[in-house]
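Trainee: I've got a structure on my screen and I'm not sure how to read it. Could we go through it together?

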Amino acid sequence: MSAILRIGHASLRVMDMDAAINHYENVLGMKIVARDKQGHVYLKCWDEWDKFSLILTASDRAGLNHIAYKVRSEADLDLLQPRIEAWGIPTTMLPEGTLPFTGRQLQFNLPSGHEMRLYATKELVGTDVGSLNPDPWPDDIKGSGAHWLDHCLLMCELNPGAGVNTVELNTRFMIEVLDFFLTEQVVAGPDHSIQAATWLACTTTPHDIAFVGGPSSGLHHIAYFLDSWHDVLKSADIMAKRKVRIDVAPTRHGITRGETIYFFDPSGNRNETFAGLGYLGQRDRPVTTWTEDQLGSGIFYHTGDLVPSFTEVYT
Amino acid sequence: MTRQHRPPSEPRYLLGTVSKPIDIGRYDAFAASIHYLNKHLPTRGLGPFSAQVPNQMFVSRPKVSVHILSSGDEYACCLDESLLKGMARLGKRGIPVGCASGGCGVCKVRVVEGDVRKLGPVSRAHVTEQEEAQGYTLACRAAPTSNVLIEVNSSLRKPLCRPA
């Protein structure tokens, strides 16, 4: 069993803080839980029980600062640190309080360069419906009413000509060290020897993180969970009302079976709201493989057409 | 064959038509734009538009010409819309409309002649201060204030320079 519980939070760079807050509050439906002296803004979804799942930081550019996953215990951090180092990745243990409401963070960079942090402790505040005889949902839901931050997709440098494949390296690292398991993959090249994209899980969902090859590393999207296909439609309605730039209108992925919509925050960071379990992610479930020639169907199941902006645009 | 570039001049009015609606997300909702026009834009002599008029294909808003140096393309661009939005109306497949929010950098251009107005922040990861001083910007974040001549970067060059 993986020591990793789930995705914990994402720290995003935004170029217009007020516009970003408006977006994450009124389109996603998150709530501000704190602001710190540096001007960072912390938000959470109504169905999350830890203090925050998103940090917004003002910057002159868009993109991801770091992505964090929660582990079961403080002891797991101490166990994982030497394992990560032994795999060849330097780490730093950031002391408690480096981030507000958060315990020690084990900080390192994935082979793709993305900063990842693991932590065991974050202030527990409970969901908006509480834990005692709770209602299924609260009355003050705004926008899409996203339940929780569910996963992220990181674009990872892939240059087969130069022998660079950080998708494969990241995937190996997540499996060998963090005990994730592979659920789906895209293979490319004449003999299908290039692992060009992977979806990995530590929970029972089809993915808790995904890596897709590209010319440079970056953030493809962070994704939020919704209950149903109808909620995805409503989420799109909210975006229409709010003049949000929709990247991909509601559709289904072949990969992970997700019912989905993609859109951009006001700084160009891509978001996803999606619904549906997809399937039960299990360690003994045969890995689903998509070949390069069927990639269009894997990504957009209905049309089977690759949308250039979806694969080429990221922050 | 490269068309002759007209020197920047005063904005002129064109009875610009949307000859081929291009889906670039929410921005081209025609009725919404008419509504917006009625509400916010001076119509200067042409009278208010009505969203109720069927087949109202004329968008008479202040427009200028945008010339693209490398491809020879020319398009009319409203003063209140981004260079990218106007460019997308050229209808050439593959015009990289990305995040349209200044973050992803796929629509990088250089303004060679003429003036533009900044519509919002442009990511420093894609346009450095030095580049900005040289006229580089993101087409999604710049609206023309005069006729302009732009040069497109490599990711835009391919779709623009091949036949539609």
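Mentor: Sure, we'll take the sheet, some strands, a helix, two single residues and then the second chain. Keep in mind that this is a predicted model.

Trainee: Let's start with the sheet. In what order do the 8 strands of the open sheet in chain A line up?

Mentor: First, the general idea: strands of a sheet pair through backbone hydrogen bonds, and they can do it parallel or antiparallel. Here the order is β2-β3-β4-β1-β5-β8-β7-β6 in chain A, and the pairing is mixed. β2 (31-35) and β6 (91-94) of chain A are at the edges with a single partner strand each, so one side of each has no neighbour in the sheet. From one strand to the next, the twist averages 25°.

Trainee: How many bridges join β2(A) to β3(A)?

Mentor: There are 4, and β2(A) and β3(A) run antiparallel. One example to find on your screen: A:Ile32 has A:Leu43 in β3(A) as its bridge partner. These two strands make a hairpin with 5 residues between them, and in the turn A:Gly39 has a positive phi of about 90°.

Trainee: And on to the next strand in the sheet?

Mentor: β3(A) pairs with β4(A), again in the antiparallel sense, over 3 bridges. There you'll see A:Tyr42 opposite A:Ile55 in β4(A). Elsewhere in chain A, β7 (residues 105-109) and β8 (residues 115-119) pair in the antiparallel sense over 5 bridges, and A:Asn109 has A:Glu115 in β8(A) as its bridge partner.

Trainee: Which way do the residues of β3(A) point?

Mentor: In a regular strand, side chains alternate between the two faces of the sheet. In β3(A), A:Val41 and A:Leu43 point one way, while A:Tyr42 and A:Lys44 point the other way. All of these are buried, A:Lys44 included.

Trainee: Which helix lies across β3 of chain A?

Mentor: That's α1 (residues 17-26) of chain A, which lies across β1, β2, β3 and β4 of chain A. Helix α1 runs at about 160° to β4(A).

Trainee: Now a helix by itself. Which residues of α4(A) are buried?

Mentor: The background is that an α-helix has 3.6 residues a turn, so residues three or four places apart point the same way. In α4(A), the buried ones are A:Val232, A:Ser235, A:Ile238 and A:Met239. They cover an arc of only 110° around the axis, which means they sit on the same side of α4(A). On the other side, A:His230, A:Asp237 and A:Lys241 are exposed.

Trainee: What do the buried residues of α4(A) pack against?

Mentor: They pack against β14 (218-226), β15 (246-252), β16 (259-264) and β17 (270-275) of chain A. As for length, α4 (residues 229-241) has 13 residues and reaches 19 Å from its first C-alpha to its last, close to the 18 Å expected. Just after α4(A) comes A:Lys243, with a positive phi of about 55°.

Trainee: Let's try single residues. Is A:Glu48 buried or exposed?

Mentor: Count the C-beta atoms around a residue: 20 or more others within 10 Å makes it buried. A:Glu48 has 24, so it is buried. You'll find A:Glu48 in the loop between β3 and β4 of chain A. Beyond its neighbours within four places in sequence, A:Glu48 is in contact with A:Ser53, A:Thr127 and A:Trp148.

Trainee: And how does A:Val212 count?

Mentor: A:Val212 counts as partly exposed because it has 19 C-beta neighbours inside 10 Å. A:Val212 is in strand β13 (residues 209-214) of chain A. Leaving out residues up to four places away in sequence, A:Val212 touches residues including A:Leu153, A:Met155 and A:His220.

Trainee: Last one: how many residues of chain A are in contact with chain B?

Mentor: 21 residues of chain A are in contact with 18 residues of chain B. On the chain A side, helix α6 (residues 308-312) gives the most, with 3 residues. By class, that side has 9 nonpolar, 6 polar and 6 charged residues. Chain B itself has 4 helices and 10 strands, and buried residues make up 35% of its 164 residues.

Note on methods
Residues are numbered from 1 along each chain as its sequence is written. Chains are lettered from A and ligands numbered from 1 in the order in which they are written. This is a predicted model: local features need pLDDT of at least 70, side-chain atom pairs count only at pLDDT 80 or more; totals for chains, interfaces and linings use all residues. Two strands pair if DSSP finds at least two bridges between them. Axes are lines fitted to C-alpha atoms, for helices over the stretch in contact, and angles run from 0 to 180 degrees between N-to-C directions. Two residues are in contact if their C-beta atoms, placed from the backbone, lie within 7 Å. A residue is buried if 20 or more other C-beta atoms lie within 10 Å of its own, exposed if 12 or fewer, and partly exposed in between; C-beta atoms are placed from the backbone. The expected span of a helix is 1.5 Å times one less than its number of residues. The arc is that of the directions from the helix axis to the C-beta atoms. Ala, Val, Leu, Ile, Met, Phe, Trp, Tyr, Cys and Pro count as nonpolar, Asp, Glu, Lys and Arg as charged, and the others, Gly among them, as polar.
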